[in-house]
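Please work through the exercises below with the sequence and the structure at hand. Try each task before reading its solution.

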Amino acid sequence: MKARVLWQDEETPRPRAKVLLAKRRGLGALEWFFLLFGLIAVDCYVWINTSALLYQAYQDWAFDETLRGLSPSIPGFIADEARWLVESNHAKVEAPPENLPNLEQLPAEKTPAHSAIIGRLEIPRLRLRVMVREGADERTLHRAVGHIPGTALPGRKGNIALAGHRDTFFRELRNIKENDAIDLQTENGTYRYTVESTEIVGPRDVGVLAAAGSPTLTLVTCYPFYYVGSAPKRFVVRATQVGANPSPPPQRGS
């Protein structure tokens, strides 16, 4: 009867070179994974920002067409923008607001539908120009500045509160100064405000949205502007209405 001697480990250890090769393959696969993940993240970022810019461009053009009594359409937008590129005619003539509005003559205030276009916000010194929609949810704020529901509407007594993301449409607010002019253009005309103050408050300080006895404008965004992650505070701009032009300013020529 033959006896078999069993060693502690019958399996022959793999050579060191094979172990190193396996590690390199694992690291290579990990590198490809992170590269693919990074490309997907960049694609998502580009898509989100590009779609927001395209939406703003179209709504800005469509708003002008509506003020001119025309019906906006995507083919018309493409043709008009192509003509702009050829003619290099991007200038607009704007009439500054002059007279305070007669609030008693305005039609009764109605609650706008969610995502309805409220108007166009402009801060000339900062070269900020952005469309304003009804609502303050994430979907709205990804594409435009949002009018916070329940606050006043342009041309009315009270506090108009607008919210925007600090890393997109309201990024330029970091450079705003006292006495800067702010224009809010609507279908009823353009209302001009002057910045009175800025302040930094906590996220639960709803006092910034409180009603006012006179027409005022409040802009709200997250703070600090370059904070990574969910910003812990809010940056608030307060402005007072100083004039209004009931007639829409002249639009670009056809």
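The exercises that follow concern a predicted model, and they go from the whole chain to single strand pairs.

**Exercise 1. Describe the make-up of the protein and the order of its elements.**

Begin with the inventory, in which the secondary structure comes to three helices and eight strands. Next, place these elements along the chain: from the N terminus on, they run α-α-β-β-α-β-β-β-β-β-β. Then turn to the surface, where the protein exposes about 16,200 Å², with carbon and sulfur atoms supplying 58% of that area. Finally, of the 254 residues, 35% count as buried, and among contacts between residues at least 6 apart in sequence, 64% join residues at least 24 apart.

**Exercise 2. Determine in which order the eight strands close into a barrel.**

Follow the pairing from strand to strand, and the order obtained is β1-β2-β3-β4-β7-β8-β6-β5, with mixed pairing. Neighbouring strands of this sheet are turned by 30° against each other on average, when direction is ignored. As background, strands of a sheet pair through backbone hydrogen bonds, either parallel or antiparallel.

**Exercise 3. Work out how β1 is joined to β5 and how it pairs with β2.**

Take β5 to start with: strand β1, residues 117–123, is joined by three bridges to strand β5, residues 181–186, and the two run antiparallel. On this side L121 stands opposite L184 in β5. Now take β2, with which β1 pairs over six bridges, again in the antiparallel sense. Here L121 stands opposite V130 in β2, so that L121 can be followed to a partner in β5 as well as to one in β2. To finish, look at the hairpin of β1 and β2, which has four residues between the strands and in which R127 takes a positive phi near 55°.

**Exercise 4. Explain why β2 is largely enclosed, and trace the path from β2 to β3.**

Count the buried residues, taking buried as under 20% relative accessible area. Strand β2 covers residues 128–134, and six of its seven residues are buried, so the strand is largely enclosed by the rest of the structure. Continue to strand β3, residues 145–147, which three bridges join to β2 in a parallel arrangement; within this pair R133 stands opposite G146 in β3. Last, consider the connection, in which β2, helix α3 (residues 138–143) and β3 make a right-handed β-α-β unit.

Notes:
Residues numbered from 1 in each chain as written. Predicted model: local features only at pLDDT ≥ 70, side-chain atom pairs only at ≥ 80, totals over all residues. Heavy atoms only, no water. Pairing = 2+ DSSP bridges. Axes fitted to C-alpha atoms, helices over the stretch in contact; angles between N-to-C directions. Buried < 20%, exposed > 50% of the residue type's maximum accessible area, 1.4 Å probe, protein only. Right-handed = clockwise from strand over helix to strand, strands pointing away. Contact = heavy atoms within 4.5 Å. Areas by Shrake-Rupley, 256 points an atom, 1.4 Å probe, with all protein chains shown as cover.
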